[in-house]
Amino acid sequence: MGTTPAEIRPEALLEEMILIRRFEERTSATLTSGGFMGTCTCVGQEASAVGVVSALGPNDLILTNHRSAGHLLARGADPGRILAEVMGRSTGYCKGKSGTLHVSVKELGVILTSTIVGGELSLAPGVGLSVSMKGEDAVVACFFGDGAACEGVFHESMNLAAVWNLPVLFVCENNQWQAFVHRKETMLGDHIAPRAAGYGVEWEVVDGNDVEAVRDAAARAVARIRETGKPFLLETFTYRQRGHFEPDDQSYVDPSELASWKARDPIALLTAALVERGTLTAEGVAAIEARVSERLDAAFAFASSSPYPDVAELTTDVYA
């Protein structure tokens with residue numbers, strides 16, 4: 001397989017974002033009804049996940065964080081197997097052992113999901129070094145949030161990747177919230193990406209709610225990494241529309257701030273743009289929603305009917 005990402009129509013980007021949104025909404029609703037343990041959703045951040053992942057080639061690798069469903073689905077993961085994993089069923093990607101916070105999908109190049117804030121940052125240089133030493137033409141995409149960027153591991157990882165010339169695409173999804181604390185309480189300035197200059201690393205900030213802009217910026221960054229073999233920091237400036245962890249009433253969020261960001265919802269923005277261009281109609285949107293609903297119905301049926309792991313699995317796939 002080559003390393004060049006496939007061409008993709010904006011309507012397909014929209015369908016991927018809608019799939020992620022409906023997946024997260026349905027898992028949250030199932031949680032509320034007592035279906036399974038809580039999850040961290042990426043509602044509002046779909047353009048970041050779809051835009052970046054769609055710019056990656058098939059041989060590229062991904063390390064992600066606790067809001068991983070968007071990255072997994074954008075990479076082509078089966079929603080049924082993700083749900084099975086979240087529900088602790090044996091048909092999940094990790095045999096029901098990882099839950100929502102530790103999923104890996106090796107066949108799709110998703111190395112890991114880290115529930116430790118910044119955990120994926122600490123491992124990205126190692127994966128990048130492996131790729132570099134083996135002479136592979138692959139980019140290592142590492143997703144993290146603005147909260148992780150306030151930790152020491154961010155600086156250590158950036159510095160190491162810069163000094164060793166590692167092909168790592170650092171993707172900071174700046175969603176304005178660090179668990180229950182607004183980023184304005186923990187950092188001066190609005191953006192993370194300019195910090196890269198101090199390490200001699202190229203960077204760019206992009207509107208994280210514009211999926212086409214994100215894809216274009218990510219494609220430029222990936223091409224630059226392939227050209228130079230050096231890291232790049234891309235910041236997608238977006239917003240987390242739901243709470244830190246489900247269930248969460250978001251009582252700590254300024255309602256006017258939330259409303260202003262919802263007015264720039266990434267799915268609504270692309271839908272309106274495509275309708276204005278004449279490439280999408282109301283009937284077309286309805287057809288997308290119907291396809292997504294059908295996929296998720298099948299996914300939930302599959303996961304719900306899947307068995308729990310046998311007790312013999314308790315000691316397999318672990319280090320002694």
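Helices and strands here are DSSP runs, with at least four residues for a helix (H or I) and at least two for a strand (E), and they are numbered from the N terminus. With that naming in hand, Gln176 can be placed in the loop between β4 and β5, the latter being residues 177-178. The model is a predicted one, and the tour below starts with this loop before turning to the sheet and the helices.

Gln176 has a phi near 80 degrees, a positive value in a residue that is not glycine. Its relative accessible area is 3%, so Gln176 counts as buried. Ala179 also has a positive phi, about 60 degrees, although it is not a glycine either. Ala179 sits in the loop between β5 and β6, where β6 covers residues 181-182. Here the relative accessible area is 28%, which makes Ala179 partly exposed, because that class lies between 20% and 50%. Another backbone detail turns up at the peptide bond from Glu246 to Pro247, which is cis, with omega near -5 degrees. Pro247 belongs to the loop between β8 and α8, the helix of residues 255-262.

Now for the sheet. It is open and built from 6 strands, lined up as β2-β1-β3-β4-β8-β7, with parallel pairing. The edges are taken by β2 (110-113) and β7 (202-207); each has a single partner strand, so one side of each has no neighbour in the sheet. Going from one strand to the next, the twist averages 15 degrees. At the β2 end, strand β1 (residues 61-64) runs parallel to β2 and is joined to it by 3 bridges. In this pair, Leu63 stands opposite Leu112 of β2.

Helices pack on this sheet as well. One of them is α2, residues 46-53, which touches β1, β3 (140-145), β4 (168-174) and β8 (232-237). The direction of α2 makes about 165 degrees with that of β4. Another is α5, residues 119-133, whose contacts in the sheet are with β1, β2, β3 and β4. For α5, the angle to the direction of β3 is about 175 degrees.

Besides packing on the sheet, α5 has a helix partner. Its axis comes within 8 Å of that of α6 (residues 152-163), and the two cross at roughly 15 degrees. An angle under 35 degrees counts as roughly parallel, so that is the description for α5 and α6. The crossing of α5 past α6 is left-handed. On the α5 side, the contact is made by Leu121, Ser122 and Pro125, and these meet Val153, Phe154, Ser157 and Leu160 of α6. Sorted by type, the residues of this contact come out as 5 nonpolar, 2 polar and no charged.

A second helix pair involves α4 (residues 79-86) and α10 (residues 282-305), which pack at an angle of about 40 degrees with their axes 8 Å apart. That angle makes α4 oblique to α10. In this case the crossing is right-handed. From α4 come Pro79, Gly80, Arg81, Leu83 and Ala84, which meet Arg295, Leu296, Ala299, Phe300, Phe302 and Ala303 of α10. The residues of the α4 contact with α10 divide into 8 nonpolar, 1 polar and 2 charged.

Just what follows α10 is worth a look too. Ser306 lies in the segment after that helix. With a relative accessible area of 6%, Ser306 is buried. Setting aside neighbours within four places in sequence, Ser306 is in contact with Arg89 and Thr91. Its C-alpha atom is separated by 49 Å from that of Ala197, and the two residues are 109 apart along the chain.

The last stop is Val222, found in helix α7, residues 211-228. Val222 has 4% relative accessibility and so counts as buried. Leaving out residues up to four places away in sequence, Val222 touches Ala55, Leu56, Val139 and Leu169. Of these, Leu169 falls within the residue range of β4 (168-174). Val253 is 31 residues from Val222 along the chain, and the C-alpha atoms of the two are separated by 35 Å.

Definitions and conventions. Residues numbered from 1 in each chain as written. Predicted model: local features only at pLDDT ≥ 70, side-chain atom pairs only at ≥ 80, totals over all residues. Heavy atoms only, no water. Pairing = 2+ DSSP bridges. Axes fitted to C-alpha atoms, helices over the stretch in contact; angles between N-to-C directions. Contact = heavy atoms within 4.5 Å. Parallel < 35°, antiparallel > 145°, perpendicular 65-115°, else oblique. Left-handed = near helix turned anticlockwise from the far one by under 90°. Nonpolar A, V, L, I, M, F, W, Y, C, P; charged D, E, K, R; others polar. Buried < 20%, exposed > 50% of the residue type's maximum accessible area, 1.4 Å probe, protein only.
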